[in-house]
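Me: I would like to go through the terms used for this model one at a time, and to see the definition behind each. Please set every value against its cut-off before you conclude.

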Amino acid sequence: KELLDRDYLNKEIIVGIRPEGISLSDGTTNDEETYEAIVTVPEMLGSETILYINLQGHDLIAKLYTNAVFNINDKVSMKINMNNLHFFDKETELRIF
């Protein structure tokens, strides 16, 4: 609705999310959506893990607080908290909201 109110109907935008806005799915959904992704690079850093993932052809980074072990090409179920999405004007690259 906010995009419509700001006259972005039929305009290209860029959608971004910080790594902390992506997490492993635990099988429940509330206002988060679950997606299957492929691990491209896992970085286990002790108390946290940085996962470079490919989600439907888009490369994303997830910052997870887990000791789980991941390997390249692992399939993982990820949640994206839609409240953490950021929208940018494709032409100006300025944040819409």
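Me: Why is Lys 63 called partly exposed?

Reply: Lys 63 has a relative accessible area of 22%, and the classes are buried under 20%, exposed over 50% and partly exposed in between (1.4 Å probe, protein chains only); Lys 63 is therefore partly exposed. The model is a predicted one, in which local features need pLDDT of at least 70 and side-chain atom pairs count only at pLDDT 80 or more, while totals for chains, interfaces and linings use all residues. Residues are numbered from 1 along each chain as its sequence is written, and side-chain values use heavy atoms, with hydrogens and water left out.

Me: How do you know that Lys 63 and Glu 20 form a salt bridge?

Reply: The term requires a side-chain nitrogen of Lys or Arg within 4 Å of a carboxyl oxygen of Asp or Glu, and the closest N and O atoms of Glu 20 and Lys 63 are 3.8 Å apart, so the pair qualifies. Glu 20 sits in the loop between β1 and β2 (22-24) and Lys 63 in strand β5, so this pair ties together parts that are 43 residues apart in sequence. Strands here are DSSP runs of E with at least two residues, and helices are runs of H or I with at least four, numbered from the N terminus.

Me: What makes Glu 20, Glu 48 and Lys 63 one network?

Reply: The side chain of Lys 63 also meets that of Glu 48 in a salt bridge, at 4.0 Å from N to O. This pair links distant parts of the chain, with Glu 48 in the loop between β3 and β4 and Lys 63 in strand β5, 15 residues apart. Salt bridges that share partners thus join the three residues.

Me: Why is Glu 12 called exposed, and what does Lys 90 count as?

Reply: Glu 12 has 58% relative accessibility and therefore counts as exposed, whereas Lys 90, at 43%, counts as partly exposed. Their side chains meet in a salt bridge of 2.9 Å, N to O. Glu 12 lies in the loop between α1 (2-5) and β1, and Lys 90 in the segment after β7 (86-89), so the pair ties together parts that are 78 residues apart in sequence.

Me: What makes a set of residues a nonpolar core, and how many residues has the largest one?

Reply: Such a core is a set of buried Ala, Val, Leu, Ile, Met, Phe, Trp, Tyr and Cys residues joined through side-chain atoms within 4.5 Å. The largest one has 16 residues, and those with the most contacts inside it are Leu 51, Ile 53, Val 76 and Met 78. β3 (32-44), β4 (49-55), β5 and β6 (75-81) each supply at least two of its residues.

Me: How do you know which residues Val 76 is in contact with?

Reply: Contact means heavy atoms within 4.5 Å. Leaving aside neighbours within four places in sequence, Val 76 is in contact with Leu 24, Tyr 35, Glu 36, Ala 37, Val 39, Ile 53 and Phe 70. By the equivalent count, Ile 14 of strand β1 touches His 86, Phe 87, Phe 88 and Lys 90.
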